Amino acid sequence: MMGKAGVNNRQVNEEGFHVHHLSEHEFNLDSISPNAIKVVHQLKSQGHEAYLVGGCVRDLLLDREPKDFDVATSALPEEVRQVFRNSRLIGRRFRLAHVRFGREIIEVATFRGSGDGNNKGQATAQEIHEDGRILRDNVYGSMGEDAIRRDFTINALYLDPEDETVLDRVNGMVDHQNRTLRLIGDPEERYREDPVRLLRAIRFASKLDFEIAAETLQPISTLGSLLSSVPQARLYEEILKLFLSGHALQTFEDLCRHNLLKQLFPQTDQILNQEGNESLRQLITLALHSTDSRLAENKPVTPYFLFAALLWGGIEKAVHNRLDSENEYIVMQQAMGEVLREQAQTVALPKRSSIPMREVWTLQPRFRQRRGNRPHRLLEHPRFRAAYDFLLLRAETGAENSELAEWWTKFQAAGGAQRKKMTQPKQQRRSQRPKTTPKKPAPVASKPGDA
């Protein structure tokens, strides 16, 4: 089923929403999950309002394939739970229902209210920190209140898949057509309510190729310190979204430009701002570009590889400061501990990322050990391939000998006999050269008169 949606033929309903009929803009309703449509239909059949909302509507309007589908409804979480036995309630900051259909989860959220005490008796469910952060937000209200509580105008569009209309109260369709990212309400106040919006603004602008509205952009560079109040687990997940959206390189450049990188990776930011560290910037650029390319080709990516590149500058600095006094293995272990302890002051990396990242780092000095059985053992290490790819990046920046990278490339492709020969000590290789019998000197002819 195909339709079009546009800003013409607009009606305004009694709640102040502009009604856009799917009649003037290409819009593929077939891209909507049947399970999402089913959730909307069942909620409406029980007398509740229900719409698809947020990123899925935004992506459908951009002719993108939505990754997930969210539903906004007038039903309270407990009422959603009664309608769907295949659901469970989650969240403390804001209570949600997850409706599961096999591997697919449809997230269902109750319309949020203004928190002024007149919202379904839920006034005490909102908790605001003295710095403006919303700590708990189980305050429910009308669809109109819900619209102005959302973050960006392009995320506040409500789609009714049954009557094929999009409802808009905040001029989200206009911003969508102008490819503009705009916060709803006072930008500084909205950033203080939830500092993660600083990162979301960067991510959406990079991912969607939208321009951030001037009033939305202006406070970003000065409010980065607010991110220190965000729980580290939530901040880590947001970092994954930043760098695994397919636009990691552009996102990184925007984080640097708006003084946000230092809130996430302060060691890296400090080193990049010093003279003579172009090789680190090049290393990070190559790693991010590789990640974007792999995602574009639907290939798997590993977050720990990105973190290995982002934090490598700290490792190099710590190793350089200690190398004269300790052996290389001990120096590397000390450097890793120092870098990760400092990183944990802002965003601690979970073990699923930090352990393989440490392995990639630890293997770098071992690539220089090319004699005996050590290369064969290294080749069998479960993290060899990632560490080898990291070695190639370092060689490309000039931070490592390109001959070393070429040797390991040849070693992997070589057969067993050739590998054995490549790893023999030089003197042993000389001793195994085929011996040649020295030629006898040719007899000297007698000169006349010598007898």
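In this predicted model, Arg-419 lies over the face of Phe-411, at 5.4 Å from the ring centre. Phe-411 belongs to an aromatic cluster. The other members of this cluster are Phe-367, Phe-384, Tyr-388, Trp-407 and Trp-408. Within it, Phe-384 and Tyr-388 both come from helix 19, four residues apart, which is about one turn of the helix. In an α-helix, residues three or four places apart point the same way, because there are 3.6 residues a turn. Phe-384 is buried, with a relative accessible area of 5%. Tyr-388 is also buried, and its relative accessible area is 5%.

A search of the whole structure finds 14 aromatic pairs. One of them joins Tyr-51 and Tyr-158. The ring centres are 6.2 Å apart and the planes stand at 85°, so this pair is edge-to-face. Tyr-51 lies in strand 5 and Tyr-158 in strand 12, so the contact ties together parts that are 107 residues apart in sequence. Both tyrosines are buried. Phe-384 and Tyr-388 form a stacked pair, with 5.9 Å from centre to centre and 10° between the planes.

The strands that carry Tyr-51 and Tyr-158 belong to an open sheet of nine strands. The strand order is 2-3-13-12-5-6-9-8-7, and the pairing is mixed. Strand 2 (11-12) and strand 7 (87-90) stand at the edges. Each has a single partner strand, so one side of each is left without a neighbour in the sheet. Strands of a sheet pair through backbone hydrogen bonds, either parallel or antiparallel.

Strand 12 (residues 157-160) sits between strand 13 and strand 5 in the order of the sheet. Strand 5 (residues 50-53) and strand 12 pair in the antiparallel sense, over two bridges. Here Leu-52 has Leu-159 as its bridge partner. On the other side, four bridges join strand 12 to strand 13 (residues 165-168), and these strands also run antiparallel. Leu-159 stands opposite Val-166 of strand 13. Tyr-158 stands opposite Leu-167 of strand 13.

In a regular strand the side chains alternate between the two faces of the sheet. Which residues of strand 12 are covered on each face? Leu-157 and Leu-159 are buried on one side. Tyr-158 and Asp-160 are buried on the other. Both faces of strand 12 are therefore covered.

Strand 12 and strand 13 form a hairpin with four residues between the strands. Glu-164 lies in this loop. Its phi is positive, about 55°, although Glu-164 is not a glycine. Most residues other than glycine have a negative phi. Glu-164 is partly exposed, with a relative accessible area of 22%. Asn-298 also has a positive phi, of about 60°, and is not a glycine. Asn-298 is found in the loop between helix 13 (278-296) and helix 14. At 74% relative accessibility, Asn-298 counts as exposed.

A further loop residue is Thr-397, between helix 19 and helix 20 (402-413). Is Thr-397 buried or exposed? At 13% relative accessibility, Thr-397 counts as buried, because the cut-off is 20%. A polar atom of the Thr-397 side chain lies 3.4 Å from the backbone nitrogen of Ala-399. Leaving aside residues up to four places away in sequence, Thr-397 touches Ser-279, Gln-282, Leu-283 and Leu-286.

Helix 17 (residues 351-366) has 16 residues. At 1.5 Å a residue, this helix should span 22 Å. Its end C-alpha atoms are 23 Å apart, which agrees. The buried residues of helix 17 are Ser-353, Ser-354, Pro-356, Met-357, Val-360, Trp-361, Leu-363, Gln-364 and Pro-365. What covers these residues? The cover includes helix 9 (232-243), helix 14 (303-310), helix 15 (312-322) and helix 16 (328-343). Helix 18 (374-379) and helix 19 (384-396) also take part in covering the buried residues of helix 17.

Methods:
Residues are numbered from 1 along each chain as its sequence is written. This is a predicted model: local features need pLDDT of at least 70, side-chain atom pairs count only at pLDDT 80 or more; totals for chains, interfaces and linings use all residues. Side-chain values use heavy atoms; hydrogens and water are left out. The expected span of a helix is 1.5 Å times one less than its number of residues. Buried means under 20% relative accessible area, exposed over 50%, partly exposed in between (1.4 Å probe, protein chains only). Contact means heavy atoms within 4.5 Å. Two strands pair if DSSP finds at least two bridges between them. A polar contact is a pair of N or O atoms within 3.5 Å; within protein, one must be able to donate a hydrogen and the other to accept it, and residues adjacent in sequence count only if both atoms are side-chain atoms. Rings of Phe, Tyr and Trp (its six-membered ring) pair if their centres lie within 6.5 Å; planes under 30 degrees apart count as stacked, over 60 as edge-to-face and the rest as tilted. A charge sits over a ring if NZ of Lys or CZ of Arg is within 6 Å of the ring centre and within 35 degrees of the ring normal.
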